[in-house]
Amino acid sequence: MVTEPKSSTLNTKFLLMKLVDELKLVNQKLDSLIKLNGKILKIQEEMPRLVSNKSYSGTELKLEPDAMSLLSLPMSLRKTVMVLYKLEKATAEDLARETKRLRAVESASANQLVRMGYLSKKREGRDVYFYIESPMEIKK
Amino acid sequence: MKEKAISIHSSRGGTGKTVIATNLAAIFASKGLNVALLDLDFRAPSLATVFSKGIKGPVRYWLNDFLNGRCTVEQALVDVSEEYHLGGRLLIGLANPAIDAIRNIIEKSRAWEVTAVKKLFSLLSSLFNDMNINCCIFDTSPGVQYTSINAVISSDISVVVTTLDSLDLKGVENMLVELYDAFAKKTVVLINKVFPETQIWSSERQEDLVSQMERVLKHPVIGVIPCYCGVLQAERASLLAVDKPFHPFLKKLEEVAEKLERSI
């Protein structure tokens, strides 16, 4: 009879701790859901542009860096694409020579454009070349 | 003059772009420069009419064909030097005025437009490096259209032609900020067709107008050209620089040409 209240307190404490753990788990899952929802909303916003402006290279989504699309890019990235119109393909060093910016800046800028799907890159020996893919070179 | 590409553009039609582009090309050629004048106004081509006297026989290839990869740069250009005797060479690239060709250009995809800019750069490289051309002038279509923006991107300097009409000026103001500044392109403004009633013909008044416009547009104004009835009434198939070389319009345009040479 003496131990009963003690055992009951322990049980309550155990249950409360379990409840706290469960709540933490729910919280984590809610955080993930909120993040995921943010990503979905972003894709939904981008979708009309992607649909009208896409071509596929394998499984990657490629965007056309046409003159109008360039206007929606920040100036730093726009400059890199404009040089590539002229040079066709270029290393970060070639780009830097044209834009008079640092090689590291051009490398970061070109790689960001690759991630965004506007540029492609390929390795030739020790050099990495950035270029604008022409998926439908003079089709129409 | 170092090899340069100049685009002649405007926010709206009817500002006198083509008259300026064609006569500017003739002025440069009369100075002994080798000039290429390209009609990039694919929706309303006009150079075939202006140079009809100098074009011998049917046109085999148009600039449309070059951009579509159907001919070389050399094949897309017509040499009209012989007809006009200007001193330097004058080559013209014509846009196809056939409705089918215009429709074809309007229907182009974004991917094609990317290729078109690259082709314009390669065309300039061929003109300057292989064909001994000193100056290339693009006559573009008005407003924000792919062919015009492509021309602006590939040229070294853009001349934006405007009248003093408030719609023109507002359009130019927007275009300068949202297009030219966005591409960090060297740009100058040319005010054309200023009515005589404006009474700005004393040099002091002109300077006032120029500084006022430069304040509003935040870009250099390279010239102010009055509205001449003789220019408006001239036949479309007439090249003033050849037919009426002493016309006051030409004098004004020669001043613009000199300033352009200096600024590039």
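**Exercise 1. Find which residues C136(B) touches, leaving out those up to four places away in sequence, and place C136(B) in its core.**

Solution. Start with the contacts: C136(B) touches A5(B), A36(B), L38(B), L124(B) and L127(B), once residues up to four places away in sequence are left out. Keep in mind that we're working on a predicted model here.

Next, look at the core. The largest nonpolar core has 98 residues, and C136(B) is among those that touch the most other members, along with A25(B), V35(B), L37(B), L90(B), I92(B) and I137(B). As background, nonpolar side chains in soluble globular proteins tend to be buried together.

**Exercise 2. Work out the strand order of the sheet in chain B, and say which strands sit at its edges.**

Solution. Step one is the order: the eight strands go 3-4-2-5-1-6-7-8, in an open sheet with mixed pairing. Step two, the edges: strand 3 (77-79) and strand 8 (221-226) of chain B each pair on one side only. Step three, the twist: neighbouring strands are turned by 20 degrees against each other on average, if you ignore direction.

**Exercise 3. Trace the pairing from strand 6 through strand 7 to strand 8 of chain B, then decide whether strand 8 is largely enclosed or open.**

Solution. Begin with strand 6 (residues 157-162) and strand 7 (residues 186-194) of chain B, which pair in the parallel sense over six bridges. Within that pair, V160(B) stands opposite V189(B).

Move on to strand 7 and strand 8 of chain B: these run parallel as well, joined by four bridges. Here I191(B) has V224(B) as its bridge partner.

Now for the enclosure. Being an edge strand, strand 8 of chain B pairs on one side only. Even so, five of its six residues are buried, so strand 8 of chain B is largely enclosed by the rest of the structure.

**Exercise 4. Identify the strands of chain B that helix 13 touches.**

Solution. Helix 13 (residues 248-263) of chain B packs on the sheet and touches strand 1, strand 6, strand 7 and strand 8. Its direction makes about 175 degrees with that of strand 8 of chain B.

Just before this helix, K244(B) lies in the loop between helix 12 (240-243) and helix 13 of chain B. With 15 C-beta neighbours inside 10 Å, K244(B) counts as partly exposed. Its C-alpha is 9.8 Å from that of G230(B), and the two are 14 residues apart in sequence.

**Exercise 5. Check the radius of gyration of chain B against that of a compact globule.**

Solution. For 264 residues, a compact globule would come out near 18 Å; chain B has 18 Å, which agrees. The C-alpha atoms fill a box of roughly 50 × 40 × 35 Å along the principal axes. As for burial, 47% of the residues of chain B count as buried.

**Exercise 6. Describe chain A, then the side of it that touches chain B.**

Solution. First the inventory: chain A has five helices and five strands, running α-β-β-α-α-β-α-α-β-β from the N terminus on. Of its 140 residues, 20% count as buried.

Then the interface: 18 residues of chain A are in contact with 19 residues of chain B. On the chain A side, helix 3 (residues 75-87) gives the most, with three residues. Sorted by class, that side has nine nonpolar, three polar and six charged residues.

Note on methods:
Residues numbered from 1 in each chain as written. Chains lettered and ligands numbered in written order. Predicted model: local features only at pLDDT ≥ 70, side-chain atom pairs only at ≥ 80, totals over all residues. Pairing = 2+ DSSP bridges. Helix = DSSP H or I, 4+ residues; strand = E, 2+ residues; numbered from the N terminus. Axes fitted to C-alpha atoms, helices over the stretch in contact; angles between N-to-C directions. Contact = placed C-beta atoms within 7 Å. Nonpolar A, V, L, I, M, F, W, Y, C, P; charged D, E, K, R; others polar. Rg over C-alpha atoms; globule rule 2.2 N^0.38 Å. Buried ≥ 20, exposed ≤ 12 C-beta atoms within 10 Å, placed from the backbone. Core = buried A, V, L, I, M, F, W, Y, C linked by C-beta atoms within 7 Å.
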